[in-house]
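Work through these short exercises with the structure open. Try each task before reading its solution.

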Amino acid sequence: MNRRTSRTAAVAAALAGLLLAVLPPSGTAAAAGGATATYTNPVTAGTVDTFPDPSVIRGKDGYWYAYGTQNPVFQTKGQTAERILPVLKSADLTHWRYAGEVFTPQTQPAWHGGSRLWAPDIRYTDGHYNLFYSVPDKDTVGVATAPTPTGPWTDGGAVLPADSGCATGDIDEAQFTDVGGQPYLYWGSYDTICVARMNGDRTRVEGAVTEVAQGRRVEGGFVVRRDGYYYLFYSDAGCCDGAYSGYQVKVGRSTSPTGPFTDDRGVDLMSPVSKGGIVVGGSDRWIGPGHNALQTDLAGQDWLVYHAIPANDPDLDPVPGIDRTLSRRPMAIDRLDWIDGWPVLRAGAGPSSTAQQAPVTTWAAGSTFNDGSLGAWQPQGAGTADWTTATEQDSGTYVTHSTGTDPAYLVTSAQAPARTRAEADLRVTSTGGAAGLVLAYQDTGNHVVAWLDRNRNALVTDVRVSGVSAGEQLTALPSGFQWGAWRNVAAELRGTRLTVEVSADRLRDAVATQTRVVPAAAVRAGKVGVAARGAGAAADNVGAAPLSTPVTQRVGDPSPGALLPSYSDEFESAPLSSAWTWVRGPAAGVTTGDGALAWPTQNAELNLGTNTASVLTRDAPPGDFVVETRLRLTNGPGNQQAGLVLYGNDDRYFKLVHAVLPLSHTAGKVTHVTEFAKEGARPTTTPPTAVAYGPMFGGPAADTLWMRLAYHADTAGTEHEVRAATSTDGVHWTWTGVWSLPREQTLRIGLVSLNTSGATARFDYLRTYTYAP
């Protein structure tokens, strides 16, 4: 898409954004019904040109709000100035409009020293919003608070001490609240992520600092809890080099918020190797997907929120005062599936580039009450005349019930299905009162209710069938629970299993969770609503939607087909087969025979303008193929690499190597990584002749490493497309994202052993197979 087309599309989408301003928030009847809604990434198209490092929250007014890194978000509208932590607003997570910025040049705190501000993280805390943000020029994290998601913001200074105790960069923060209410802050960049406890008002870290992840360019941690595990999402390999950005989202999990976290192969995230657990990698359409957050729709489906670089327009125009090109990084969302205990984007299909089924953001029954009335809501039980509405700045209109000791109910006229997810924002402002979420409601003797019971300081569930209770179940709420602040209560009824979570802001960090089995007779379609007992009960954003159906099977990874003997070599004899040819060779010390090609690493490079290394190449088969080798790389002093290449020329190639690299923050120690890289022309130069190099990092490296490159000729797009995989046992493979280059040269299959002398690479075979993507 050329810039003129892009600007035309931006104007049209901007008009659509103006229409959005008058739409009701999610959950209202005006948005319900009709065909299944769809969306197409990026979801910020036409609203802003770029929106890096997004973080999203559902405000207490029923709208979603997104926050991004400081960037020139309105270039296509003729504005060159950056917006300092821009804010967007949406009714449905897929259509967004601009809602302001956290600071302006006039209001930015002096202690920042004029630094650009990056990577915001938003949380709702005890009746207000805490926005954490990175101050890179000061190598620290700041916090600002506001009564609403759009401000006004009051800065609270630096969250970290001058020496944070973390080994590397003190940016890219994310807050997390554990069961029981203890808050934590995760932070770190290039190449360590750390965690520490926070004080009660979440403005400072305190106590011990624990390193929980390290790796090549590791950053952007974000933690959620699910089914007894803490999941640490993070990105590695570099966010911001346009078409050569190797960002991927990875994940590790732990049974403790302070680790140890391990990937899906059991590798500790603190081990000095690259890691698996790949959630999403790049595609031919979207480069460098990363720096994620997470949202849950009204049906209980999780969505990954992330930025990605469009392959057809990867860079912004030059920005005054910034001496480098900024990558265009709009916001995208995609379905996040949990398969066999691990999160993966779209079951492994990667970033979407076509129309997708949209998040569920309307209820089958329910409302935000923002029309100012009770509408079709039906009072039931005690004190039916005592339900009233009230209004405040943040939540807008909500409902309250202030009298009586017997339960009072306010339910919808419409019914939600038996298999449902219901939620409400609740609070109790008077001692002895209780507010509850009601689902599967038939009448006062037949329903399910989840109470926030202030007198017992507990989440209390009760299931009633034919007027008889199946028994209350209590789960303690944290000591110091702020009853005057809104708390989200979400209940999922899947079969006879009821799961209830209490959280501040729906960000998968519940302070209390309860699971119980309910009688089969209680599983029925019914109304949804709220309950009150005693004084001071209030509710907002109440509704229910059909419960999402989880995806339980991954899409298939590339798989080799038939062996192609004419393009393979078992290295059984010497000399080397005549099918091989050298670029700058033959290399010194290379031997073959007995099932191996041994090649000492060279003091030579194949990087940008330094093209001194030998490359051993042979013809590739026509069409698509998979090439595989088994590599044994003996330990050297560091800065060695060896592996596979698909070679066009010295400045156009794909490379998959086991690389031994120095640890950036530990003198004398090394890290072993699987590096999947491409080198080619930078597309934003005219003509595109400037050479660029971009790495992404795959799964764990080992002394013996199986390696694969899967090649696809995209004839429609006239591109070479390649994915890489590695394995430490030859059975279980970790696949990366996609690198692509224009089909300007014919590629040859090759091997390299380079960077610095001191190690020997042993290739046990080279096998080429057919491949049908």
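**Exercise 1. Find how many bridges join strand S7 to strand S8, and which way the two run.**

Solution. This is a predicted model. Start with strand S7, residues 128–135. Next take strand S8, residues 140–146. Seven bridges join the two strands, and they run antiparallel. Now pick one residue: Phe132 has Val143 in S8 as its bridge partner.

**Exercise 2. Place these strands in their sheet and say which strands stand at the edges.**

Solution. The sheet is open and has four strands. Their order is S6-S7-S8-S9, with antiparallel pairing. Strand S6 (118–125) and strand S9 (154–158) each have a single partner strand, so one side of each lacks a neighbour in the sheet. These two are the edges. From one strand to the next, the twist averages 20 degrees.

**Exercise 3. Describe the largest nonpolar core and what Phe763 touches.**

Solution. Count first: the largest nonpolar core has 58 residues. Val627, Leu646, Phe676, Leu709, Leu751, Phe763 and Leu766 have the most contacts inside it. Strand S47 (residues 652–662) gives the largest share, seven residues. Now follow Phe763. Leaving aside neighbours within four places in sequence, its contacts include Phe571, Trp599, Leu631 and Leu751. A second, separate core has 41 residues, among them Val463, Trp483, Val518 and Ala544.

**Exercise 4. Find where the pLDDT is below 50.**

Solution. Begin with the whole protein: the pLDDT averages 93, and 95% of the residues score at least 70. Then look at residues 1–34, where the pLDDT is below 50. Beyond near neighbours in sequence, this stretch has 49 contacts in the model.

Technical notes. Residues numbered from 1 in each chain as written. Predicted model: local features only at pLDDT ≥ 70, side-chain atom pairs only at ≥ 80, totals over all residues. Heavy atoms only, no water. Core = buried A, V, L, I, M, F, W, Y, C linked by side-chain atoms within 4.5 Å. Buried < 20%, exposed > 50% of the residue type's maximum accessible area, 1.4 Å probe, protein only. Contact = heavy atoms within 4.5 Å. pLDDT = per-residue confidence, 0-100. Pairing = 2+ DSSP bridges. Axes fitted to C-alpha atoms, helices over the stretch in contact; angles between N-to-C directions.
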